[in-house]
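Biologist: Before we discuss anything, could you put the sequence and the structure on display, so that I can follow your reasoning on them?

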Amino acid sequence: MPDSPARRSPVQHQLDELQPEWTTISGMPAALRIGPHDEERAALAGLCDASCLRKLGLKGRDAGAWLAEQGMTVPADIYATASLASGGIIARLGTEEFLLESGIADESVPAIEAVPIPAGRNLFRIERQDATFVLCGIRADAVFAQTCGLDVGKMDVGRVVFTRVAGVSCGILPELFEDRRCYRMWIDPSYAASLWQSLAEICGDLGGGVVGLQCILQSFSGTG
Amino acid sequence: MAKRLPPREGEWIDRERPLEFRFEGRTYQGFAGDVVSSALWANGLLIQGRSFKYHRPRGPVSLCGHDANVIVEDGMRTNLRGDLLPLAEGMDLRAVNTVGGLWKDKLRWTERFSKFLPVGFYYKAFHTPRRLFPFYENQMRKVAGLGEINRGAEFASTPKDYAFCDLLVVGAGPSGLAGAIAAAEQGLRVLLVDENPRLGGSFNWQLAGDPDARRQLQELLARVEELENLEVRLGTQAAGYYADHWVALVDDRHLTKVRAGAMLAATGCIEQPAVFGNNDLPGVMLGSAAQRLVHQFAVKPVENALVFTANSDGYRVALDLHAANVSVGIVDTRPDADPTELLTQVDEQGIQVLKGSVVPVATHTRGKKGIKGCFTWLGATDESKQFAKFWPGNRNGIVMSVGWVPNAGLLYQAGVRFRYAAHVEQFVPETLPEGVFAAGRVNGVFELSDRIADGRRGGLAAAKLLGRYEPELPPAPRHDSAPPSHPYPVFVHPKKSHPANKEKAFVDFDEDLQLKDIVDAHQEGYDNIELLKRYSTAGMGPSQGKLANMNAVRILAKLNGKSIDETGTTTSRPFYQPVPLGHLAGRRFHPLRRTPLHDWHVGAGAEVFHAGSWLRPEYYRAEGQSRDDCIFTEAGNVRERAGLIDVSTLGKLRICGPDAVPFLERVYTGRFAKQPVGKLRYGLACDETGVIIEDGVIARLAEDQFYVTATSSGAAAFYRELQRWTLIWGMDVTLINETGHHAAMNLAGPESRAILQPLTDVDLSAEEFPYLGVCEGTVAGVSAKLLRVGFVGEWGYEIHVPASYGLHVWEAIISAGADAGIRPFGVEAQRLLRLEKGHLIVGQDTDALTNPYEAAAAWAIGKNKPFFVGGRSLEIEQQKTLTRRLVGLTFADPEGGPLPEECRLIIHEGEIVGRITSMARRSTLGHPLALAFLRPDLTEAGTTVRVRIDGGVMVEATVAALPFYDPDNQRQQEQPEHA
């Protein structure tokens with residue numbers, strides 16, 4: 001893969017319009033700061049694009065065992081998650097399916113991708129190009145109240161829930177960031193722009209809005 | 001504000017905030033906290049609307065939205081109910097349903113012709129002559145209907161939201177408050193909603209004159225304040241109940257969808273009017289309305305009132321009116337009323353009571369703008385007794401307090417079964433579904449202490465159900481005094497010819513439906529309550545029969561000689577009160593899929609269109625060129641040089657595992673066991689009936705791994721179908737849907753190889769990478785799958801890369817092909833090119849009944865396969881005579897002449913023999929082309945057929961062999977310059 005920022009977030013066009021301060025993470029331009037009100041917005045209802053985080057899917061009967069062989073802590077329960085070494089996440093999406101997502105400075109996913117899968121193992125890599133959004137702030141639950149039929153505020157931290165948000169299927173992972181709940185969302189990239197538009201509008205209505213990665217960087221760097 | 005009373009404890013108005021508003025062109029004053037009707041009343045304006053049919057003057061009856069007498073518009077919004085509409089500074093209101101204004105409504109003369117306007121007169125009178133019906137219909141539409149939509153109204157954001165709770169309590173009166181508190185005290189997350197702006201329900205009007213009740217209200221309110229797990233939403237109606245305790249809450253801004261663990265309905269009762277002559281005149285109102293005026297809005301209802309009652313509630317009303325300096329008399333239908341404390345108080349206040357009497361008719365002032373008195377009939381059940389003018393002259397108000405019906409819409413919708421209980425003369429819940437509870441007056445409990453106890457019991461019952469309360473529930477209270485409702489509050493003089501009976505006695509104020517209308521309907525055979533409702537329109541107006549349905553049921557029961565239970569009720573459906581359509585619409589979520597190249601297409605001038613859930617470039621605009629020219633130019637460029645199209649919308653599925661081959665052989669019609677690794681095959685899938693549902697290419701990446709493409713709009717459904725078959729067959733396959741995770745583009749045209757080769761590490765020579773080959777390598781430094789396909793009939797490559805790299809690769813190819821004349825092409829050019837090549841599109845050239853034989857795709861069915869989905873059906877189809885077959889048609893090129901569009905019919909000897917499925921009015925072959933279904937006996941090449949187009953014009957076409965373009969597939973072979 002090219003080292004230059006050849007990757008592109010599915011919502012890069014929407015971010016471009018906000019003229020953010022850019023940085024490059026894992027070969028993808030990432031909006032570091034949108035403007036001077038990022039922190040205030042993030043405290044209320046902040047929507048952040050973290051699609052730059054690399055992802056990998058694994059599926060097959062031997063997926064769990066193989067990941068354990070690579071030294072990873074494999075979640076035992078379906079929808080449970082565990083941390084990767086440097087802030088990344090491994091989520092068990094089914095009995096035989098896993099999603100790995102790197103942290104900001106975490107090369108777990110490229111490292112795993114580089115490991116050849118031995119012949120004879122029932123194990124298949126899956127291309128995961130999901131958009132990753134993070135919804136934070138004290139009114140994040142109110143955003144979900146307008147978009148999702150589940151009581152997101154009552155979901156367990158660290159467990160993935162698959163549902164529909166604003167009509168788009170996605171996975172939601174409630175997390176704690178500085179003792180406050182925030183929500184990581186994984187979305188099929190083809191639906192990402194549509195969902196982003198809906199969420200950004202609602203966040204704006206609730207006094208928040210789009211924020212840069214700076215606001216939540218700590219959360220993904222493994223020190224949050 | 002001549003009718004405003006001195007300040008009183010508990011009033012809802014804020015006298016520190018006077019407001020000015022206009023009604024029917026005149027300026028009035030009110031206070032914050034007023035509703036429009038109360039403010040108008042305070043200004044002495046009793047006439048606030050006109051009736052629907054006869055345009056009779058009307059004033060508020062219930063003052064709580066249970067009638068539709070006062071409907072106004074404010075210029076932006078229409079059909080606002082004046083008795084619920086909060087007063088605001090600067091309002092400029094007009095009554096709806098008038099011509100020339102409320103005071104000089106030109107349609108008020110309609111009543112003079114009322115004899116000729118019985119129920120359904122338009123059905124009976126206007127059916128002949130038929131040619132005049134449009135005229136009649138037009139006139140009817142002009143005079144009927146309420147309000148006009150303002151198309152210039154400002155957009156108002158009305159986002160819907162969800163809410164969750166353990167217990168939803170509907171109604172914040174004595175029972176609801178007690179129930180919510182009891183449940184919250186057990187730890188439940190409780191949501192308490194009430195349509196009124198304040199907590200308390202009937203505490204605020206019916207019991208407002210009782211100091212002990214006021215004290216109890218304050219205690220309950222204080223406890224509500226203390227409980228953090230008890231949320232209160234006021235000004236919120238529970239508009240409808242749906243399955244699994246899903247309740248729609250509507251406030252003035254939006255709709256909330258509540259999912260509750262349980263629901264407690266403490267919705268109270270709706271006071272019912274009496275049916276008597278002129279019972280609709282301004283000044284005739286319900287007792288509860290009079291109490292609301294006095295206690296909530298500090299407005300004197302009338303100067304001299306007659307309270308017409310059949311229960312002890314009327315005595316409470318009389319005392320409240322007396323305390324408000326209203327001169328009061330009571331007519332009680334009961335010869336011997338209960339000796340309650342209220343009777344004693346009435347005696348002490350010197351209020352005159354006429355027992356065992358009824359009011360059969362009110363007398364009106366000139367123009368029916370009010371009442372000036374009434375007749376009473378002494379001896380409610382004995383027609384021989386005196387019929388006398390009672391308190392004539394200066395009585396300007398009749399206050400009705402003859403009974404109640406349970407406000408049970410939500411409970412009916414929740415599936416609660418009701419029975420008629422004689423001890424309260426109303427329906428009461430008999431069986432309730434799990435998680436649904438009722439308390440208070442809706443449950444047939446009327447004494448205040450009983451209502452509080454019943455509410456508390458309901459809250460505890462919900463807590464018990466949800467595992468938060470273990471002890472036995474307290475006993476259910478039961479009403480044990482006289483029934484609070486009259487069993488038949490319809491009062492007419494028994495002598496039909498008596499002058500009193502000539503006055504209109506209304507059952508439904510909304511639709512001007514009279515007692516005689518129901519009697520007539522019954523005589524015409526509408527003796528079932530549901531039929532009666534639909535014929536007479538009883539209960540079909542804006543208030544949905546809140547004041548009419550029960551009286552209609554009682555009248556019909558009497559006419560049929562049956563009981564109330566036997567007569568039944570009409571079906572209760574959402575919504576409880578009218579809901580603005582904008583609230584239902586809410587924020588619009590229409591998720592659309594974009595490819596990773598979408599923004600590039602837009603920047604390049606693409607005309608984007610909706611292809612299923614995807615946004616796709618139809619074509620790219622070019623200055624000075626028409627749409628057709630653009631499409632034709634793009635297609636020509638593919639034929640002559642090279643074109644690049646975004647095909648990221650294709651379904652991209654992976655089928656892996658030991659059983660991948662047998663699985664594919666079951667799903668598709670073809671064979672795959674001998675498909676070499678690195679090769680593509682066409683795949684055609686049918687359903688169990690042999691109908692084509694999908695097609696695509698199947699690429700073998702490894703012995704146990706296949707990469708499959710599917711149609712853009714059908715991929716999601718096809719993937720679900722594959723998952724279903726996996727489970728049914730129990731095969732060892734792993735299915736992976738990577739549709740959105742790959743960008744895909746098709747580079748096609750004679751220059752495609754030359755453009756791509758410098759960008760890839762794959763050897764693109766015909767020997768190393770032949771037609772229908774697949775390989776993995778890199779393009780522009782990005783991992784890619786390359787598929788050598790020829791959908792558009794040219795040498796080409798489908799390039800699949802991770803979505804995030806899509807734009808990088810696309811731009812690299814466009815840049816690399818600049819000198820070779822590469823251009824992007826859109827979906828329309830692709831459709832033309834594939835049509836020239838004779839490739840069908842599933843869903844366009846096939847329909848819901850097309851099998852492979854009809855689609856000329858029998859070649860795609862593998863020989864001697866033991867099983868595949870639809871195989872058995874196709875065996876049967878094969879034995880039948882084909883009725884149609886997909887063929888090519890060519891048209892002589894009449895420059896600018898008429899040509900058919902898709903779906904036009906092919907006619908032969910007066911019969912329909914086929915239809916066009918795909919049409920190209922212009923092609924790179926120099927003449928128009930089409931694909932069409934055609935009767936098999938006409939499919940021989942060279943046969944002339946005729947296609948009917950607009951205006952019945954027939955256009956000749958000639959059957960042609962497929963494909964039209966490159967029949968020998970020479971374009972996929974090595975060309976001399978590349979060899």
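The questions and answers below concern this predicted model.

Biologist: How many residues does each chain give to the contact of chain A and chain B?

Modeller: The surface that chain A and chain B bury between them comes to about 3,400 Å², with 53% of it on carbon and sulfur atoms. As to the residues that make this contact, chain B gives 41 residues and chain A gives 40 residues.

Biologist: How many salt bridges are there between chain A and chain B, and how many residue pairs are in polar contact across their interface?

Modeller: One of the salt bridges brings together the side chains of A:R8 and B:D599, at 3.5 Å from N to O. The count of salt bridges between chain A and chain B is six. For polar contacts, where both residues must be at pLDDT 80 or more, the number of residue pairs found across the interface is 17.

Biologist: Which element gives the most residues to the side of chain A that touches chain B?

Modeller: Three elements of chain A each give two or more residues to this side, namely β8 (124-126), α5 (140-147) and α6 (189-205). The one that gives the most, with ten residues, is α6(A).

Biologist: And how many nonpolar, polar and charged residues does that side of chain A have?

Modeller: Sorted by class, the side of chain A that touches chain B is a mixture in which each of the three classes appears. The numbers are 14 charged, eleven polar and 15 nonpolar residues.

Biologist: Is B:D161 buried or exposed, and which residues of chain A does B:D161 touch?

Modeller: B:D161 has its place in strand β8 (residues 161-170) of chain B. Its relative accessibility is 15%, and because the cut-off for burial is under 20%, B:D161 counts as buried. Residues up to four places away in sequence being left out, B:D161 touches B:H254, B:L255, B:T256 and B:K257 within chain B, and from chain A it touches A:A145 and A:Q146.

Biologist: Which side chain is joined to that of B:D161 by a polar contact of 2.7 Å?

Modeller: The residues that B:D161 touches include B:H254, B:L255, B:T256 and B:K257. The polar contact of 2.7 Å runs from the side chain of B:D161 to that of B:T256.

Biologist: Which residues stand opposite B:V708 in β35(B)?

Modeller: Strand β35 (residues 705-710) of chain B is mostly covered, with five of its six residues buried. It runs antiparallel to strand β32 (residues 651-656) of chain B, to which six bridges join it, and it also pairs in the antiparallel sense, over four bridges, with strand β34 (residues 692-702) of chain B. A hairpin through two residues joins β34(B) to β35(B). The residues that stand opposite B:V708 are B:L653 and B:I698.

Biologist: Which strands are the edge strands of the open sheet in chain B that has six strands?

Modeller: The order of the strands in this sheet is β38-β39-β40-β37-β31-β41, and the pairing is mixed. β38(B) runs antiparallel to strand β39 (residues 782-788) of chain B, with six bridges between them, and there B:V779 stands opposite B:V782. The edge strands, each of which pairs on one side only, are β38 (774-779) and β41 (823-824) of chain B.

Biologist: Why does B:R884 count as buried, and with which side chains does the side chain of B:R884 make polar contacts?

Modeller: B:R884 is found in the loop between α23 (871-879) and β42 (885-890) of chain B. Its relative accessible area is 16%, and because burial means under 20%, B:R884 is buried. Beyond its neighbours within four places in sequence, its contacts include B:D847, B:L849, B:R915, B:F933 and B:P936. The side-chain polar contacts are with B:T850 at 3.1 Å and with B:E854 at 3.4 Å.

Biologist: How far apart in space are B:F52 and B:I813?

Modeller: B:F52 lies in the loop between β3 (49-50) and β4 (57-58) of chain B, and with a relative accessible area of 25% it is partly exposed. Its contacts, apart from neighbours within four places in sequence, include B:N97, B:A144, B:D510 and B:D512. From B:F52 to B:I813 there are 761 residues in sequence, and the distance in space, C-alpha to C-alpha, is 70 Å.

Note on methods: Residues are numbered from 1 along each chain as its sequence is written. Chains are lettered from A and ligands numbered from 1 in the order in which they are written. Side-chain values use heavy atoms; hydrogens and water are left out. Contact means heavy atoms within 4.5 Å. Buried area is the accessible area (1.4 Å probe) that two parts lose on being put together, summed over both. A salt bridge is a side-chain nitrogen of Lys or Arg within 4 Å of a carboxyl oxygen of Asp or Glu. A polar contact is a pair of N or O atoms within 3.5 Å; within protein, one must be able to donate a hydrogen and the other to accept it, and residues adjacent in sequence count only if both atoms are side-chain atoms. Ala, Val, Leu, Ile, Met, Phe, Trp, Tyr, Cys and Pro count as nonpolar, Asp, Glu, Lys and Arg as charged, and the others, Gly among them, as polar. Buried means under 20% relative accessible area, exposed over 50%, partly exposed in between (1.4 Å probe, protein chains only). Two strands pair if DSSP finds at least two bridges between them.
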